[in-house]
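The following exercises introduce a protein structure through tasks and worked solutions. Please study the sequence and the structure before reading each solution.

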Amino acid sequence: MTRTPHGYRTHWLRLTNNSPSDVVFRIEPWASEATMPVGATFVVAIMGPAEGDILEVELRDRDITVYGWSGSTIAVHRDRKLVMGWDLPVPETPPRKAEL
């Protein structure tokens, strides 16, 4: 994680598909998907306000989902090429049950 003096933070994730088959790589809340081939490595950069929610990654047998937090933007790269990304920040989300 990188903190900037302007009240933002950046998280970098390197995720590799070591499973025996392709998986679906999903970014939420945009519901965007890309196929992550066997052996592929995606680098995910998420930048947003330092205050607020946390980065969340969900792993399942055939898919990986990365959730941005309110106000964050997301970019996904493979071999230094953009796979998918958004300049539009994640909208505010309602509080989770544990936060109520």
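**Exercise 1. Determine whether Asp87 is buried or exposed, and locate it in the chain.**

Step 1. Asp87 has a relative accessible area of 77% and is therefore exposed; buried means under 20% relative accessible area, exposed over 50%, and partly exposed in between (1.4 Å probe, protein chains only).

Step 2. Asp87 belongs to the segment after β9. Strands (E, at least two residues) and helices (H or I, at least four) are DSSP runs, numbered from the N terminus.

Step 3. Although Asp87 and Thr73 are 14 residues apart along the chain, 5.7 Å separates their C-alpha atoms.

A note on the source: this is a predicted model, in which local features need pLDDT of at least 70 and side-chain atom pairs count only at pLDDT 80 or more, while totals for chains, interfaces and linings use all residues. Residues are numbered from 1 along each chain as its sequence is written, and side-chain values use heavy atoms, with hydrogens and water left out.

**Exercise 2. Describe the overall build of the protein chain.**

Step 1. The protein chain contains nine strands and zero helices, in the order β-β-β-β-β-β-β-β-β from the N terminus on.

Step 2. Of its 100 residues, 35% are buried.

Step 3. Among contacts with a separation of 6 or more, 54% join residues 24 or more positions apart; contact means heavy atoms within 4.5 Å.

Step 4. The chain has an accessible surface of about 6,700 Å², and carbon and sulfur atoms account for 53% of this surface. Accessible areas come from the Shrake-Rupley method with a 1.4 Å probe; for residues, only the protein chains shown count as cover.

**Exercise 3. Identify the residues with the most contacts inside the largest nonpolar core, and the strands that supply it.**

Step 1. A nonpolar core is a set of buried Ala, Val, Leu, Ile, Met, Phe, Trp, Tyr and Cys residues joined through side-chain atoms within 4.5 Å. In soluble globular proteins, nonpolar side chains tend to be buried together.

Step 2. The largest such core has 18 residues, and those with the most contacts inside it are Leu15, Phe25, Met36, Val44, Val66 and Val76.

Step 3. At least two residues of this core come from each of β2 (8-16), β3 (23-28), β4 (32-36), β5 (41-49), β7 (63-67) and β8 (73-78).

Step 4. Leaving aside residues up to four places away in sequence, Val66 touches several residues, including Leu15, Phe25, Val44 and Leu55.

**Exercise 4. Work out how β3 and β4 are arranged and what lies between them.**

Step 1. The two strands pair in the antiparallel sense over five bridges; strands pair if DSSP finds at least two bridges between them. Val23 stands opposite Met36 in β4.

Step 2. In a regular strand the side chains alternate between the two faces of the sheet. Along β4, Ser32, Ala34 and Met36 point to one face and are buried, whereas Glu33 and Thr35 point to the other and are not.

Step 3. The hairpin has three residues between the strands. Pro29 lies in this loop, and a cis peptide bond with omega about 15° joins Glu28 to Pro29.

Step 4. Ala31, also in the loop, has a positive phi near 55° although it is a residue other than glycine. With 51% relative accessibility, Ala31 counts as exposed.

**Exercise 5. Characterise the aromatic pair, and explain which parts it ties together.**

Step 1. Rings of Phe, Tyr and Trp (its six-membered ring) pair if their centres lie within 6.5 Å; planes under 30 degrees apart count as stacked, over 60 as edge-to-face and the rest as tilted. By this rule there is one aromatic pair.

Step 2. The pair consists of Phe25 and Phe42 in an edge-to-face arrangement, 5.1 Å centre to centre with 75° between the planes.

Step 3. Because Phe25 lies in strand β3 and Phe42 in strand β5, the pair ties together parts 17 residues apart in sequence.

Step 4. Phe25 is buried at 0% relative accessibility, and Phe42 is buried at 1%.

**Exercise 6. Locate Leu82 and state what it touches.**

Step 1. Leu82 lies in strand β9 (residues 81-86) and counts as exposed at 56% relative accessibility.

Step 2. Not counting residues up to four places away in sequence, Leu82 touches Ala75, Val76 and His77.

Step 3. From C-alpha to C-alpha, Leu82 and Phe42 are 9.6 Å apart in space, and 40 residues apart in sequence.
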